[in-house]
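Reader: I am new to this structure and would like a close look at a single part, the surroundings of the ligand. Please take that part slowly, and then add whatever else helps me find my way.

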Amino acid sequence: MNKTVMIIGGGVAGLSAGIHARQAGYKVELYEMNPGVGGQCSAWKRKGYHIDNCLRFLAGCQNTEPLYEVWRNTGIFPDDIRLFRDPYLCCIEMNRNTLHLWSDLERARKELLKAAPEDKTALSTFFSNVAKLQRASIPCESSQADAGVIKRFHAFLADPAVSKIKKDYSSITLGKYADAFKNEAVRTMFRSYAANTLPALTLLQDYALYASGSAAFPAGGSAVMISRMRDRLETLGGRIYTSSRVQSISCAHNGIRDVTLSDGKKIKADYYIWAADPYSLFFDHIGTRYLDPALRAVYEHPDKYPASTGFQVFFGIDTDEELTLPSGLFIFPCEPFTAAGRTCKVCRIRLSDSDVSLFSRERRVLRCSIPESASQFSFWEQLASDKDAYHTEKYRIGQEMRERIEKRFPALKDHLVILNTCSPVTFSRWCNAYQGCYKGFRCLDGRADHSIPNTVRHLHNLFLASQWLQSGGGLHSAVLEGKFAVQAIQKHEQGRR
Ligand SMILES: Cc1cc2nc3c(=O)[nH]c(=O)nc-3n(C[C@H](O)[C@H](O)[C@H](O)COP(=O)(O)OP(=O)(O)OC[C@H]3O[C@@H](n4cnc5c(N)ncnc54)[C@H](O)[C@@H]3O)c2cc1C
């Protein structure tokens with residue numbers, strides 16, 4: 001008889017684990033606490049507008065990449081898939097200059113060197129390193145946590161130039177790296193790309209994904225992506241139970257005995273895959289004695305393994321008039337305003353309009369975001385204990401942003417409708433995300449890669465699948481770790497034969 005795998009958490013990692021477990025012949029039952037699956041990869045309607053809360057870009061959209069095949073296997077890339085690519089990773093308008101990190105590296109290099117000749121050496125190194133990083137493939141075969149020292153050494157030797165770039169840029173924060181540029185516009189663009197506590201490698205790696213064509217927005221965005229993964233799992237015979245929160249887990253004899261849902265129902269399975277945020281598994285459910293040292297290090301040394309989150313406001317654009325708005329991430333300096341106790345001197349906006357199946361001419365959406373580090377979670381958590389104060393503050397920030405956007409784009413005056421505001425608390429409440437972080441940790445320990453095993457110490461039938469198992473996180477980490485969790489179960493079974 002087929003063995004049963006119980007999956008806890010219906011985000012991308014959980015759905016991927018379910019698909020791979022069915023393909024490996026296991027019976028699959030997936031339990032998700034929310035009314036729908038998708039987790040952080042979510043989208044919804046508000047006032048007739050479509051809000052895609054997740055996807056800016058998906059890595060693995062080039063059909064020559066191994067990652068493309070992994071996505072294809074989850075059903076998200078049908079033969080007629082349409083992919084939208086931003087012309088640039090980000091763009092800044094400052095001091096009468098408009099600078100772009102064009103996907104075309106040569107075009108961007110020329111543009112930035114012309115605007116910032118004082119940074120010639122640093123910019124040339126930057127572009128040369130991004131070009132080299134395009135060669136770095138994302139390991140899709142098996143978990144890097146299982147690779148022994150010799151295999152890792154061979155991987156290092158396979159492309160020493162890329163290994164060195166990864167090492168160098170994961171030894172310095174984005175903030176420090178940016179500060180070395182003399183030109184104010186370049187410095188501000190690099191600083192504003194992501195949370196400054198993250199390694200500089202974040203910027204270079206994302207840019208390399210754009211430049212190589214790996215990064216794109218699949219038509220339909222997060223909503224279609226998740227519905228395809230759910231359909232794939234159900235078509236394969238997996239069963240999905242939504243509004244089913246795992247309340248407690250009981251351990252016995254070096255394994256999980258059973259799992260209790262919030263309605264009191266007990267579930268027994270041969271194997272359990274925890275595909276929710278691992279922090280809650282160890283800190284709320286089974287205890288930290290089962291914590292792998294590699295993951296323990298992530299929680300104990302947030303300075304070396306920074307994670308990030310952010311505050312976002314979604315605006316509906318209430319006009320179908322012709323507007324000349326930039327597409328992609330656009331940064332511009334603005335009158336300072338405060339958010340989470342810090343002063344913001346720039347606005348970061350992103351227009352969603354390329355996929356007209358989601359964003360019609362009358363229903364365009366503008367996302368304005370402020371990158372935050374995990375340490376800012378406590379500000380929001382404290383504020384959220386007073387419901388009124390929390391909502392007032394979120395709305396205030398939204399209004400401040402609106403004023404600045406309208407000042408820069410007068411054509412938008414009286415046409416911006418605040419649809420939604422999301423703080424790190426939103427992600428913590430919605431998905432149980434550790435410190436409201438929606439991207440897993442990054443490495444600032446000079447190693448660039450830090451992988452967590454899919455197995456759990458001392459518990460033979462419990463496995464992990466989550467973006468939190470590999471540095472960088474993101475959707476591709478989640479889909480891969482779902483696959484690796486099932487491989488770990490198979491390896492365990494082979495070991496017992
Ligand atoms: C604003 C935003 C923008 C992003 N942009 C991008 C992007 O452009 N590109 C990219 O690659 N990534 C992006 N990400 C990150 C991406 O969404 C995540 O990396 C990915 O969705 C994580 O998947 P996961 O399955 O590991 O975790 P999650 O999505 O967190 O899934 C965990 C699931 O477990 C459920 N759960 C938790 N506890 C329990 C319990 N006790 N019982 C049952 N179920 C439980 C949760 O409800 C959730 O559904 C973004 C995320 C956000 C929020």
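Author: Helix H15 gives the most to the shell around the ligand, with three residues. The model is a predicted one. H15 spans 424–431, and two other helices, H1 (12–23) and H16 (475–496), join H15 in each supplying at least two residues of that shell. In terms of domains, at least three shell residues come from domain 1 (4–47 + 58–75 + 221–304 + 445–496), and at least three come from domain 3 (308–435).

There are 36 residues around the ligand, and the nearest are Glu32, Gln40, Asn53, Gln312 and Gln467. Sorted by class, the shell has 18 nonpolar residues, 14 polar ones and four charged ones.

Some contacts with the ligand can be followed atom by atom. At alanine 13, a backbone N or O atom lies 2.9 Å from an oxygen atom of the ligand. Asparagine 34 uses its side chain: an N or O atom there is 3.2 Å from an oxygen atom of the ligand. At phenylalanine 57, a polar backbone atom is 2.8 Å from a nitrogen atom of the ligand. On its own the ligand has 1,000 Å² of accessible area, and the protein covers 98% of it.

Away from the ligand, the cysteines are worth a look. A disulfide is a covalent bond between the sulfur atoms of two cysteines. The structure holds zero disulfides. Cysteine 90 cannot be paired in this model because the closest cysteine sulfur, in cysteine 91, is 7.6 Å from its own sulfur, too far for a bond. Cysteine 90 is also buried, with a relative accessible area of 0%. For cysteine 443, the closest cysteine sulfur belongs to cysteine 437 and is 15 Å away, so the distance is too far for a bond. Cysteine 443 is likewise buried, at a relative accessible area of 2%.

Next come two residues with an uncommon backbone angle. Most residues other than glycine have a negative phi. Arginine 96 is not a glycine, yet its phi is positive, at about 65°. Arginine 96 sits in the loop between strand E6 (88–94) and strand E7 (97–102). With 86% relative accessibility, arginine 96 counts as exposed. Histidine 458 is not a glycine either, and its phi is positive at about 70°. The loop that holds histidine 458 runs between strand E19 (455–456) and strand E20 (459–464). Histidine 458 has a relative accessible area of 45% and is therefore partly exposed.

Two helix residues complete the tour. Arginine 404 is part of helix H14, residues 387–408. Its relative accessibility is 8%, so arginine 404 counts as buried. The side chain of arginine 404 reaches the backbone oxygen of glutamate 335 at a distance of 2.6 Å. Valine 130 belongs to helix H4, residues 120–133. With a relative accessibility of 0%, valine 130 counts as buried. Leucine 105 is 25 residues from valine 130 along the chain, and the C-alpha atoms of the two are separated by 8.4 Å.

How values were computed:
Residues numbered from 1 in each chain as written. Predicted model: local features only at pLDDT ≥ 70, side-chain atom pairs only at ≥ 80, totals over all residues. Heavy atoms only, no water. Near = heavy atom within 4 Å. Polar contact = N/O pair within 3.5 Å; in protein donor to acceptor, adjacent residues only side chain to side chain. Areas by Shrake-Rupley, 256 points an atom, 1.4 Å probe, with all protein chains shown as cover. Helix = DSSP H or I, 4+ residues; strand = E, 2+ residues; numbered from the N terminus. Nonpolar A, V, L, I, M, F, W, Y, C, P; charged D, E, K, R; others polar. Domains from an automatic or database assignment. Disulfide = S-S within 2.5 Å. Buried < 20%, exposed > 50% of the residue type's maximum accessible area, 1.4 Å probe, protein only.
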